[in-house]
Amino acid sequence: MAAASKSDEVTAHSGAVGLDDVLAGGFARGRLFLIEGVPGAGKTTLALQFLIEGARRNEPVLYVTLSESQEEIQEVADSHGWSLAGITIREVIASEQALNSDENYTMFHPAEVELSATTKMILHDVETIKPRRVVFDSLSELRLLAGSPLRYRRQILALKQFFAKRDATVLLLDDLTATDRDLQVQSISHGVLALEQTNPDYGSDRRRVRVVKYRGRNFRGGYHDYLIRKGGITVYPRLVAAEHRRNALIGKVASDVPELDSLMGGGLERGTSTLIVGAAGTGKSTIAAQFACAAARRGQHAALFIFDESKETLVSRAAALGIELQTHMDSGAITILPIDPAELSPGELMHQIRTEVEKREAAVIVIDSLNGYLNAMPGERFLIIQLHELLMYLGHHGVCTLLIGAHQGLIGSAMTTPVDASYLADAVILLRYFEARGEVRQAISVVKKRGSRHERTIREFRLSNGRLEVGEPLRDFRGILTGTPVFERFVDQS
């Protein structure tokens, strides 16, 4: 308990889930921070969470609003179900007299008079309340009141020194509405957070936060997705696989289909990733479901993240082949999570996967499919980087990961995939349609497998008779992987 108290003395927790992880503990006490973001990015929500967290810890807190009324701030709190009890709100908004012309000031420029009055009002509250946490919303109004850039910078520097002497942690909110952006405030601030909001062509808005600077703190760099929902802001820290190195579990993960396991040298290894690639309808999802059910029968947990079909469709298709997903879902051994790429941010998806691994100790993770995963990302080059981090993380936890990749096209040599993840995967299972004797058939082969031996044969693959079947090697054909094989009777020369 003593260590925790000491930490609280030097760090003010943000109150936003995940943000303290990004900030390596929270906001340094007695320092001034700048929170930048366009209107709608969530600055006021974050500020209120910061103050509510302070009030919860019985700290005196002060909210200085120069642009919104107390009623408007109360509406924001009500929308999240928050109580503002314990928070002192100082409303510093221009009165009706401020609408009069500048001629009312005969000796001083109106900016000098208004800024002086505003400052005195704020400092009086500080001396009375002695707050540990202070929020100024927003800098746009202070910038206008100052009148000149020089006066504005001096005012910010004076505020920083004033609050530092009183050990108060200050958040300055800036809505970036100024036409001539002044980076001097960033230089003065102890730390800077940038809240960004993007508007994709389709789907909901995406928001992400980046720590621009934080003096003396080894913060988590890069962009981190965040959501604003009822209850406040939730930040999903960027996944860094190197932070999760551990002695991974070893062992085989079998499918319980003897012929399929034989093709893969006894099964898949824990801590490895396998790409199952093929045209639509070749049985990729069925193979993944078979591995998940086999793991559940062994008392392990499996999680399937599905992008391309509904949970009900997958369960019913699997049941027709004797794969009882529903039974294991009812027991809690299997979790199926449908993913809507238009609504789910990449960071939230990573969080859901980590929850299954760290909270439920999942041994098998299925991502079905990479095509849907790609649609959840802003671009393919970002997908590959994030996918690499994800696979490394899952490998460190001994998870057997199955990635489904759908080819564009059904048959022939011109089939392509929208994203090539074959070099990232430890094993690649290839499923192909081929035509033989006036009939469309399916073939399966393992074209890559790191770490152990595997069969190099091409076998026929069938989804029939209420089960998944892997046949004998197709030794009488040549060119099966092209989709247009040639019958070539095998003759044993021995």
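**Exercise 1. Cis peptide bonds**

Task: In which loop is Ser 138 found, and what kind of peptide bond joins Asp 137 and Ser 138?

Solution.
- Step 1. Ser 138 is found in the loop between β6 (133-137) and α6 (139-146). The model is a predicted one.
- Step 2. The bond that joins Asp 137 and Ser 138 is cis, and its omega is about 10°.
- Step 3. Most peptide bonds are trans.
- Step 4. A cis bond also leads from Asp 368 to Ser 369, with omega near 15°. Ser 369 has its place in the loop between β17 (362-368) and α14 (370-375).

**Exercise 2. Positive phi**

Task: What sign does phi have at Lys 130 and at Asp 256, and where in the chain are Lys 130 and Asp 256?

Solution.
- Step 1. Most residues other than glycine have a negative phi.
- Step 2. Lys 130 is not a glycine, yet its phi is positive, about 55°. Lys 130 is found in the loop between α5 (110-129) and β6.
- Step 3. Asp 256 is not a glycine either, and its phi is positive at about 70°. The loop between β12 (252-253) and α9 (258-263) holds Asp 256.
- Step 4. Exposed means over 50% relative accessible area. Lys 130 has a relative accessibility of 56%, so it counts as exposed.
- Step 5. Asp 256 has a relative accessible area of 40%, so it is partly exposed.

**Exercise 3. Cysteines**

Task: How many disulfides are counted, and is Cys 293 buried or exposed?

Solution.
- Step 1. A disulfide needs two cysteine sulfur atoms within 2.5 Å. By this rule the count is zero.
- Step 2. Buried means under 20% relative accessible area. Cys 293 is buried, because its relative accessible area is 0%.
- Step 3. Cys 400 has a relative accessible area of 1%, so it is buried.

**Exercise 4. Helix α7**

Task: What span should helix α7 have at 1.5 Å a residue, and which residues in α7 are buried?

Solution.
- Step 1. Helix α7 (residues 149-165) has 17 residues and should span 24 Å at 1.5 Å a residue. The C-alpha atoms at its ends are 25 Å apart, which agrees.
- Step 2. The buried residues in α7 are Tyr 152, Gln 155, Ile 156, Leu 159, Phe 162 and Phe 163.
- Step 3. Viewed down the axis of α7, its buried residues fall within an arc of 130°, so they line one face of the helix.
- Step 4. An α-helix has 3.6 residues a turn, so residues three or four places apart point the same way.
- Step 5. Arg 154 and Lys 165 are exposed on the other side of α7.
- Step 6. Just after α7, Asp 167 has a positive phi of about 55°.

**Exercise 5. Salt bridges between distant parts of the chain**

Task: How many salt bridges are counted, and how far apart are the closest N and O atoms of Asp 21 and Arg 220?

Solution.
- Step 1. The count is 24 salt bridges.
- Step 2. Asp 21 and Arg 220 form a salt bridge whose closest N and O atoms are 2.9 Å apart.
- Step 3. The pair links distant parts of the chain, 199 residues apart: Asp 21 is in helix α2 (residues 19-22), and Arg 220 is in the loop between β9 (206-214) and β10 (223-229).
- Step 4. Asp 21 is partly exposed at a relative accessible area of 40%, whereas Arg 220 is buried at 14%.
- Step 5. In the salt bridge of Asp 426 with Arg 450, the closest N and O atoms are 3.0 Å apart.
- Step 6. This pair also links distant parts of the chain, 24 residues apart: Asp 426 is in the loop between β18 (400-406) and β19 (427-436), and Arg 450 is in the loop between β20 (439-449) and β21 (459-464).
- Step 7. Asp 426 counts as buried at 18% relative accessibility, whereas Arg 450 is partly exposed at 39%.

**Exercise 6. A salt-bridge network**

Task: Which residues do salt bridges with shared partners join into one network, and which residues does Glu 469 touch, not counting residues up to four places away in sequence?

Solution.
- Step 1. Arg 459 and Glu 455 form a salt bridge, with their closest N and O atoms 3.0 Å apart. Both Arg 459 and Glu 455 are buried.
- Step 2. Glu 439, Arg 441, Glu 460, Arg 462, Arg 467 and Glu 469 are joined into one network by salt bridges that share partners.
- Step 3. Glu 469 has its place in strand β22 (residues 467-473). Its relative accessibility is 13%, so Glu 469 counts as buried.
- Step 4. The side chains of Glu 469 and Arg 467 are joined by a polar contact of 3.4 Å.
- Step 5. Not counting residues up to four places away in sequence, Glu 469 touches Glu 460, Phe 461, Arg 462 and Ser 464.

Note on methods: Residues are numbered from 1 along each chain as its sequence is written. This is a predicted model: local features need pLDDT of at least 70, side-chain atom pairs count only at pLDDT 80 or more; totals for chains, interfaces and linings use all residues. Side-chain values use heavy atoms; hydrogens and water are left out. Helices (H or I, at least four residues) and strands (E, at least two) are DSSP runs, numbered from the N terminus. Buried means under 20% relative accessible area, exposed over 50%, partly exposed in between (1.4 Å probe, protein chains only). The expected span of a helix is 1.5 Å times one less than its number of residues. The arc is that of the directions from the helix axis to the C-beta atoms. A salt bridge is a side-chain nitrogen of Lys or Arg within 4 Å of a carboxyl oxygen of Asp or Glu. A polar contact is a pair of N or O atoms within 3.5 Å; within protein, one must be able to donate a hydrogen and the other to accept it, and residues adjacent in sequence count only if both atoms are side-chain atoms. Contact means heavy atoms within 4.5 Å.
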